[in-house]
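Hi,

Here is the structure I promised to pass on to you. Have a look at it first, and then read my notes below.

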Amino acid sequence: MILKNNLTGKRGWGLSSSRFFIAVTVMLLTGMSLFARAQPDDGSGRNTSTAAAGRAKYVFLFIGDGMAMSQISSAEIYTTARSSKDIGITRLGFTRLPVAGLTTTYDAGTFITDSASAVTAIATGNKTLSGVLNMDPGKTKSFKTIAEYAHEAGMKIGIVSSVTLDHATPAGFFAKAPSRSSYYDIAVQMARSGFEYFAGGGLLQPRGKNGDQADVIQMAADAGYRYVNTKAAFDALKPGAGKVLAINAVLQDSGSMPYELDRRPDDLSLADYTSKGVELLQDNPAGFFMMVEGGKIDWACHANDAGAAIHDVIAFDNAVKVALDFAQSHPGETLVVITGDHETGGMTIGFAGTQYDTFFDKVALQKKSFIAFNSDALSPYKKNTPKDQAKLADLLPAIKEAFGLDYEFLSGFQREQLEFAFQRSMGDEIERPVAEDQYLLYGGYEPLTVKITQIMNQTAGIGWTSYAHTGVPVSTFAVGVHQELFDGYYDNTDIFRKMASAMNLNL
Ligand SMILES: [Zn+2]
């Protein structure tokens, strides 16, 4: 009864406050677009209207995979919560940009796109089915990408990603394939693309699915690429290095760069790869087009690990800052666009158990991603402990070290959930039930680890609805030449046309 009254009371307040919030948001968005139209873009005093501005010679496209407003706002609230007890927002660099738009992400077959159809839309302006890369839904016709048009126009091309270079989002700028999982075929297309700079994660199948095909790294070398895979060799690259294929020295899950949470301070970051791209590509009369993907925001959200996602959004923002610095020193010829390809996880700010409160400072206790906890603690424990001797208590110190989660302070219900998940994790892979309730509880992930991050996130006031993508629109931000094109509410296929128009490409 009390709970009901309490809820009803809060609900009444919540409704009126959400109406207020919508009104304020509308006012802000309207104000933002007015600002975008009225203000010069870069402080240079230039008129940035389409007619008066010149061609965007240096173009950056940043794609936060799985990044919509929940991921962005969580990073902002987290940064605020770490520095102050006050309610407020510490803006990321890219949310301060003068132009903000909203972008729909549905594909040819579903409201909930995957990364292959999403990148096809962004890179070629065409809708296709999930899983298909730069081909029509019938998989017979292939589409030319913005990077290919730009390359033909003499621009140098850079493709940077924190996940493997043959993964859907980076591949979407140079490859066409009926299936995004044709990793070898995609990697071969990379080696033959002629693009000037590939950097970040590795390749999933450099010698084919069965390891018996021609080595793609060798193929790239034969095509004139300089291959580097150490920090020292990477740092030594100077303008004039020629075409470069740079793979991070440290690779984590599935050939990707480590999560920002797990990156050692001396290892290369997404910002480092962006910065080197600028250094290598900028000396070119026709300029460059560089796509930079924060690919593991998506992976962290699939696993419902808000800590890992938030730190990767911050690393992504640091990479954007490299472009914003470049734009400042090259006013009137640079365009920087930031978008997401879809939302992942149905992440939200608010959880039933914490109602109107959030405790984002708790996210700061997490020192490792879910995947690092698995490889450092859970997998070795599973390997070395007979099932009948395994007890959750053995892992509590490692859980506390990785996540700051103190068993002593958990509720009875949370302890029970953790114990149950531990039992599931200790079961044989084959025995593990695939029943609906098991999927709803843990997705396809290690039950114990997912349960830990879920409890952590719920305690912080962060909720999840899925281990897959969702269909909400994403946000697109822009600054620079023709920034005004990115104002408003539009589809992801329009991003292709807007960029092509800003770059004055002949389609
Ligand atoms: Zn995904």
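**What turned up around S161, the zinc ion and a pocket**

Let's start with S161: leaving aside residues up to four places away in sequence, S161 touches P170, A199, G200, G201, M257, L270 and E293. Before going on, keep in mind that this is a predicted model.

Where does S161 lie? You'll find S161 in strand β3, which covers residues 156–161. Its relative accessible area is 0%, so S161 counts as buried. The side chain of S161 has a polar contact with the side chain of E293, at 2.6 Å. E293 is also one of the residues that S161 touches. On top of that, the S161 side chain reaches the backbone nitrogen of V163 at 3.1 Å.

Next, the zinc ion. Which protein atoms are its donors? They are D298 (OD), listed twice, along with H302 (NE2) and H469 (NE2), and they lie 2.1 to 2.3 Å from the zinc ion. If you go along the sequence, the donor residues follow the spacing D-x3-H-x166-H. D298 and H469 link distant parts of the chain: D298 belongs to helix α10 (residues 296–302) and H469 to strand β12 (residues 469–470), with their positions 171 residues apart.

Why is the arrangement around the zinc ion irregular? The four donor atoms subtend angles of 57 to 152°, and to count as tetrahedral all angles would have to lie between 85 and 135 degrees, so the arrangement is irregular. Two of the donor residues can also be checked for burial. D298 has a relative accessible area of 6%, so D298 is buried. H469 is buried too, with a relative accessible area of 12%.

Now for the second largest pocket. It holds about 260 Å³ of space. There are 15 residues lining this pocket, and the closest to its centre are N304, L440, Q454, W464 and Y467. The elements giving two or more residues to the lining are α15 (436–442), α16 (447–460) and β11 (462–463). Which element gives the most to this lining? That is α16, with four residues.

One last residue to look up is Q438, which sits in helix α15. Is Q438 buried or exposed? With a relative accessible area of 9%, Q438 is buried. The C-alpha atoms of Q438 and R424 are separated by 9.3 Å, and these two residues are 14 residues apart along the chain.

Cheers

Notes
Residues numbered from 1 in each chain as written. Predicted model: local features only at pLDDT ≥ 70, side-chain atom pairs only at ≥ 80, totals over all residues. Heavy atoms only, no water. Buried < 20%, exposed > 50% of the residue type's maximum accessible area, 1.4 Å probe, protein only. Polar contact = N/O pair within 3.5 Å; in protein donor to acceptor, adjacent residues only side chain to side chain. Contact = heavy atoms within 4.5 Å. Donors = N, O, S within 2.8 Å, 3.2 Å for Na, K, Ca; no water. Tetrahedral: all angles 85-135°; square planar, octahedral: opposite > 155°, others 65-115°. 1 Å grid on protein atoms, 1.4 Å probe; cavity = no way out; pocket = protein on both sides within 12 Å on 5 of 7 lines; lining within 4 Å. Points joined across faces, edges and corners; volume = space filled by probe spheres on them.
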